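I am opening a notebook page on one chain. I want the sheet, the core and the charged pairs on paper.

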Amino acid sequence: MVYRLTHAPLTRYGVLVSRRLGHAVIRNRIKRRCREIVRQPGMQYGAYDILLLPQRTVVDLPPAALKERLHTMLERLP
């Protein structure tokens with residue numbers, strides 16, 4: 001995860017998935033899951049631009065575990 005403090009009123013998210021994670025179907029599935037999680041209420045953590053860079057372990061995670069990991073990472077933001 002890479003983040004930057006901005007003057008935007010809301011948190012903006014981006015998802016970047018490397019080809020090393022798998023073929024297009026797998027990469028698109030990861031992106032869809034990440035985007036769905038950040039659309040849910042409670043995912044606004046201030047005025048940040050956040051770039052999510054999923055790792056290989058995300059491929060096999062169930063959606064609930066992925067959501068928990070994202071929440072854990074985002075709560076560490078300053």
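My entries follow, and I keep in mind throughout that the model is predicted.

**Entry 1: the sheet**

I began with the strands. I found an open sheet of three strands, ordered E1-E3-E2, and its pairing is mixed. I then asked which strands stand at the edges. They are E1 (2-5) and E2 (12-15). Each has a single partner strand, so one side of each has no neighbour in the sheet. I also looked up the turn between neighbouring strands, which is 10° on average with direction ignored.

Next I took the pairings one at a time. E1 runs antiparallel to E3 (residues 48-52), and four bridges join the two. In this pairing I see Val2 opposite Leu51 of E3. On the other side, E2 and E3 run parallel, again with four bridges. Here Tyr13 stands opposite Ile50 of E3.

How much of E3 is buried? I noted four of its five residues as buried, so E3 is largely enclosed by the rest of the structure.

**Entry 2: the helix across the sheet, and the core**

I moved on to helix H1 (residues 24-39). It lies across E2 and E3. Its direction is at about 170° to E2.

I then looked up the largest nonpolar core, which has 17 residues. Which of its members touch the most others? I wrote down Ile30, Ile50, Leu52 and Leu66. H1, E3 and helix H2 (63-75) each give this core at least two residues. The largest share is that of H1, with five residues.

I picked Leu52 for a closer look. Not counting residues up to four places away in sequence, Leu52 touches Met1, Gly14, Val15, Leu16, Cys34, Val38 and Leu70.

**Entry 3: two buried polar residues**

I turned to Thr11, in the loop between E1 and E2. Is Thr11 buried or exposed? Its relative accessible area is 7%, so I recorded Thr11 as buried. What does its side chain reach? I found the backbone oxygen of Gly46 at 2.6 Å. Leaving aside neighbours within four places in sequence, I listed the contacts of Thr11 as Met43, Gln44, Tyr45, Gly46, Tyr48 and Ile50.

I checked His71 next, which sits in helix H2. Its relative accessibility is 19%, and the cut-off for buried is under 20%. His71 therefore counts as buried. With neighbours within four places in sequence left aside, His71 contacts Gly42, Met43 and Tyr45. Met43 and Tyr45 are also on my list for Thr11.

**Entry 4: salt bridges**

I went through the charged side chains last. Side chains of opposite charge can pair when their charged atoms come close. How many salt bridges are there? The count is three.

The pair I looked up first was Asp49 with Arg4, whose closest N and O atoms are 2.9 Å apart. Asp49 belongs to strand E3 and Arg4 to strand E1, so this pair ties together parts 45 residues apart in sequence. I looked up burial for both. Asp49 is buried at 15% relative accessibility, whereas Arg4 is exposed at 52%.

Arg12 also forms a salt bridge with Asp49, and here the closest N and O atoms are 2.7 Å apart. Arg12 is in strand E2 and Asp49 in strand E3, so the pair ties together parts 37 residues apart in sequence. I marked Arg12 as partly exposed, at 48% relative accessibility. Arg4, Arg12 and Asp49 are thus noted as a network of salt bridges.

The other pair on my page is Arg39 with Glu36, at 3.8 Å from N to O. How far apart are Arg39 and Glu36 in helix H1? They are three residues apart, which means about one helical turn. Arg39 is exposed at 58% relative accessibility. Glu36 is partly exposed, at 42%.

**Entry 5: what I keep**

I keep two points from this page. E3 pairs with E1 in the antiparallel sense and runs parallel to E2. Asp49 is linked with Arg4 and Arg12 in a network of salt bridges.

Notes. Residues numbered from 1 in each chain as written. Predicted model: local features only at pLDDT ≥ 70, side-chain atom pairs only at ≥ 80, totals over all residues. Heavy atoms only, no water. Pairing = 2+ DSSP bridges. Axes fitted to C-alpha atoms, helices over the stretch in contact; angles between N-to-C directions. Contact = heavy atoms within 4.5 Å. Core = buried A, V, L, I, M, F, W, Y, C linked by side-chain atoms within 4.5 Å. Buried < 20%, exposed > 50% of the residue type's maximum accessible area, 1.4 Å probe, protein only. Polar contact = N/O pair within 3.5 Å; in protein donor to acceptor, adjacent residues only side chain to side chain. Salt bridge = Lys/Arg side-chain N within 4 Å of Asp/Glu carboxyl O.
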